[in-house]
Amino acid sequence: MEVNVQQMIFEFIGGLGIFLLGIKYMGEGLQKTAGDRLRDILDKFTSNPFMGVLAGMIVTILIQTSTGTTVLTVGLVNAGFMTLRQSIGVIMGANIGTTATAFIIGIEIKEYALPILAVGALLLFFFKSNKVSNIGLTIFGFGSLFFGLDLMGSGLKPLREVELFHELTISMSNVPILGVVIGTVFTIIVQSSSATIGILQSLMTEGAIELKAALPVLFGDNIGTTITAIIASIGATVAARRAALTHVIFNLMGTIIVVSILGFYTTFIANLQEWLDLNPAMTIAFAHGIFNISNTVIQFPFIGLLALIVTKIIPGEDDVVEYKPKHLDPIFIQQSPSVALDQAKVEVIRMGEYASKGLEETSSYLNNKQAKHADMAVQIEGALNNLDKEITAYLVELSGKNFSDLERSHHSALINSVRDIERIGDHFENIVELVNYKMSNKVDITEQGMIDLNEMFDLTIITVRDSIKALEEMDREKALSVVQKENEIDKMERAYRKKHIIRLNEGACTGAAGIVFADIISNLERIADHAVNIADEVLGEKH
């Protein structure tokens, strides 16, 4: 039989492309349908490692990518929402969740791929409702998955006749490690273990590969999928790198264990295929599912040890932004309201210190354009929003208590200050967005403009820092110096605007640069206003 190589390659790569698109759309549709609840699922259900495994499974089934779940988890570890130990459970669960795609592929509905695509497209294009189009996106992705598989299958069918491929599969049967390496490398190239497992299922269905040769490739896929998380963690925080390394060790250990008993495992899966009368694609799905579940069961008791190992391999203190309050104990609200008030104050000061750190990161981003500063600033802004909610709720609960007049005034000073600190976060986030706009549109601010911006930035940072210090120590002197600095910042803003208009008129500066410049100084001026509001709480007066 003459093998049409071009047709084979085109069908295979086209099918692979449609398959990957299908996984992406299916995941996006499910993710949008689930909304922001994914992060909440991970946050709420990870109180212990077992719940973490369940949460990891659910989220991975919803977003159709274990790498996506690992990256989400890394973000939560970074944000201080989750400890390394809790994240290990989630990563184990993600490995089990990723087998869902293989089971979906095992269902023989290839011939219905096109009508499924049509239904998805119909919902996607003819309905205005977001909810319906998200469901449409999911269905369209689901159809693409099968359509892509069908095409890949057609492309791979002639491989049975190719002598070279036949010899390769025999080698993989005899030298399992070869299969593991091929699976790993291919998954690294395609960046999706679901896709390489889909290819394996197609090869099995077309009779081009036998179970004995397919299994080692399957285990290699599991190792390959960890590479994406490693790539995502390069240049990230210590916590992120640890979580990625956990993923690698977990999958590597599982593969070593199962390859050492490969003969037994192959016989077991072959028997299972006979007992349950499984089609070839479903056989691979079961082999994958049982492998990942067993791997989790075996390694689950060693989560603590795993955490210890990765902490040893990647040492260092981590720069974690704590989203959650540390000092708000509800027990004090009833038992000792004045202690509760002190606790709330400590938390407000911590929040204020975050605000000034966020401002410093924003200033660094403006000057050296490194994304890590922008990420840090945005993360801090998220923490400020969360702390604002939690501290305000705590202070509201305290409001009915019997306080002395002094305590009452402290209480109202804290409630008002929290709001101001949160608003500072909003303003520096605005500045980060302005810098992003400046960079993506290649807008250049003149040298003099940058000098002016930095001068105003430095003074604003000191003003915010002093206002928090004044609140912490109830220091009237410090508070008065904040008022004075804020007047300076107001004058600066007016003077810099005038200089900027002169530059515009002289043609030294573009209109786009002018807008960015004016918006940044206006945000800085507003930040200083909020700092003065905090100082006024200390002075006990309002401007």
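In the predicted model, Arg503 is placed over the face of Phe517, at a distance of 5.3 Å from the ring centre. Contacts between rings are also present, and the structure holds seven aromatic pairs in total.

For one of these, formed by Phe50 and Phe300, the ring centres are 6.5 Å apart and the planes stand at 90°, so the arrangement is edge-to-face. This pair links distant parts of the chain, since Phe50 belongs to helix 3 (residues 49-63), whereas Phe300 is found in the loop between helix 15 (280-299) and helix 16 (303-313), with 250 residues separating the two in sequence. With regard to solvent, Phe50 is exposed, its relative accessible area being 52%, a value over the 50% cut-off for that class, while Phe300, at a relative accessible area of 29%, is partly exposed.

An edge-to-face geometry is likewise assigned to Phe103 and Phe286, because their planes meet at 80°, with the ring centres 5.3 Å apart. Phe103 lies in helix 6 (residues 99-106) and Phe286 in helix 15, so that this pair ties together parts of the chain that are 183 residues apart in sequence. Both rings belong to partly exposed residues, the relative accessible area being 27% for Phe103 and 24% for Phe286.

Aromatic contacts also extend to a group of residues, in that Phe219, Tyr265, Phe268 and Phe291 form one aromatic cluster.

Notes
Residues numbered from 1 in each chain as written. Predicted model: local features only at pLDDT ≥ 70, side-chain atom pairs only at ≥ 80, totals over all residues. Heavy atoms only, no water. Phe/Tyr/Trp six-rings, centres within 6.5 Å; stacked < 30°, edge-to-face > 60°. Helix = DSSP H or I, 4+ residues; strand = E, 2+ residues; numbered from the N terminus. Buried < 20%, exposed > 50% of the residue type's maximum accessible area, 1.4 Å probe, protein only. Lys NZ or Arg CZ within 6 Å of the ring centre and 35° of its normal.
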